[in-house]
Amino acid sequence: PTMLEVRELAHRYGTGPGAHVAVEDLTFTVHQDELACIVGPSGCGKSTLLRCIAGLIRPTEGEISLHGDVVRGVPDDLAVVFQDYSRSLFPWLSVRGNVEFALRTRVRGRTERRRRAQEALSWVGLEASASKYPWQLSGGMQQRVSIARALACQPALLLMDEPFASVDAQTRADLEDLLLRVRREHGSTVLLVTHDIDESVYLGDRVLVLSKSPASIVADLPVDLPAQ
Ligand code: ADP
Ligand code: ADP
C-alpha cells in the first residue's frame, strides 16, 4: 500500500519577479515499510520538499497525501529528524525528558510515556544515558537521541533531512547501520534526503534522483541487492 503520495508539487519562495522556484512538478509515492532515499545536489530543493511534507511550509502548487488523506497543516503521525542535532534537542531536558516531551500529546499517562521513551532509547543503545543532558553527549549520540525521539512516536512516516551529514565518517557509518537495524527490527516507512549518492544507495530500498534546482525527479531506481 501507498504511505505517501506527492502529486505535481511545486514551491516558490517569494512572489513576483524575485520569486525563487525551489521545487517544480514533483510526483512520486513512497510505499509502506519502504526506505526511500531522495538524492540531489546541495540547494536543489530537498529540504523544501521535506518541509512541505512535514507541513512546515505550504506548497505553492500540488498535493500531498499520507495514508490517502490530503495533508493540511502538520500531520500528527509523522516525525522528522533534522541535520542539525545541536539545535533539535531541548538543552534543559534530559535525554529521557526530550523523548517524553515528544510523546506528551500522543501518549496518555506519564508511566506509559516513560516506558515508551526507555524502549526507544534502548533501540538506539542509549538506555544508560537516559538521565544525561544533551550537552553531555557527543554529536553522534545526540543524533541517536533525535532518532529515538522520532521512533518513540511510532510515526506512519519518518522524514530524515541529511541526518548524518554533520557527524564524522565513523559515527556516520555507525548511525547508518543503526538506522538499518532499527528499521529491520521495528519497521517503519522512511523518506530520507541526502546529497550523498553512496549513502542513498547504501540505505535505500529505492533511490529517487533529483535534478539541479528547481528539483524534479530524473530517475526512480529500485536498489536490489542480492540476499545475504
Ligand atoms: P537542499 O535542501 O537541496 O539543499 P533547499 O530546499 O534548502 O535545498 O533550497 C532550495 C533552493 O531554495 C535553494 O536555492 C535555496 O537557496 C532556496 N531557499 C531555501 N529556503 C529558502 C527561503 N526560506 N527563502 C528563499 N529561498 C530559499
Ligand atoms: P540545507 O541545504 O541544509 O537544506 P541551507 O543551508 O540551504 O540548508 O539553508 C539553511 C536555512 O536557510 C534554511 O532554513 C533555508 O530555508 C534558509 N535559506 C536558504 N537559502 C535561503 C535564501 N536564499 N533566502 C532565505 N533563506 C534561505
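These exercises work through two ligand sites and a sheet in a predicted model.

Residues are numbered from 1 along each chain as its sequence is written, and chains are lettered from A and ligands numbered from 1 in the order in which they are written. Local features need pLDDT of at least 70, side-chain atom pairs count only at pLDDT 80 or more, totals for chains, interfaces and linings use all residues, and side-chain values use heavy atoms, with hydrogens and water left out.

**Exercise 1.** Describe the shell around ligand 1.

*Solution.*
- Step 1. List the residues near the ligand (a heavy atom within 4 Å). They are Tyr13, His20, Ala22, Pro41, Ser42, Gly43, Cys44, Gly45, Lys46, Ser47 and Thr48.
- Step 2. Sort them by class. Ala, Val, Leu, Ile, Met, Phe, Trp, Tyr, Cys and Pro count as nonpolar, Asp, Glu, Lys and Arg as charged, and the others, Gly among them, as polar. The shell has 4 nonpolar, 6 polar and 1 charged residues.
- Step 3. Find the polar contacts (N or O pairs within 3.5 Å). A backbone N or O atom of cysteine 44 sits 3.1 Å from a ligand 1 oxygen. For a backbone N or O atom of glycine 45, the distance to an oxygen of ligand 1 is 3.0 Å. A side-chain N or O atom of threonine 48 lies 2.5 Å from an oxygen of ligand 1.
- Step 4. Compute the cover (Shrake-Rupley method, 1.4 Å probe). Alone, ligand 1 has 560 Å² of accessible area, and the protein covers 61% of that.
- Step 5. Assign elements (DSSP runs; helices of at least four residues, H or I, strands of at least two, E). Strand E2 (20-31) and helix H1 (46-53) each give two or more residues to this shell. H1 gives the most, with 3 residues.

**Exercise 2.** Which residues surround ligand 2, and what share of its area does the protein cover?

*Solution.*
- Step 1. The residues are Ser47, Arg51 and Gln83.
- Step 2. A polar side-chain atom of serine 47 is 2.5 Å from an oxygen of ligand 2. A side-chain N or O atom of arginine 51 is 3.2 Å from a ligand 2 oxygen.
- Step 3. The protein covers 22% of the 560 Å² that ligand 2 exposes on its own.

**Exercise 3.** Lay out the sheet, then place H1 on it.

*Solution.*
- Step 1. Pairing takes at least two DSSP bridges. The open sheet has 4 strands in the order E2-E1-E4-E5, paired antiparallel.
- Step 2. E2 and strand E5 (69-70) are the edges, each pairing on one side only.
- Step 3. Strand E4 (residues 61-66) pairs with E5 over 2 bridges. Serine 65 has valine 70 of E5 as its bridge partner.
- Step 4. H1 lies across strand E1 (2-13), E2 and E4, with contact taken as heavy atoms within 4.5 Å. Its direction is about 120 degrees to E1 (axes are lines fitted to C-alpha atoms, for helices over the stretch in contact; angles run from 0 to 180 degrees between N-to-C directions).

Definitions and conventions:
A polar contact is a pair of N or O atoms within 3.5 Å; within protein, one must be able to donate a hydrogen and the other to accept it, and residues adjacent in sequence count only if both atoms are side-chain atoms.
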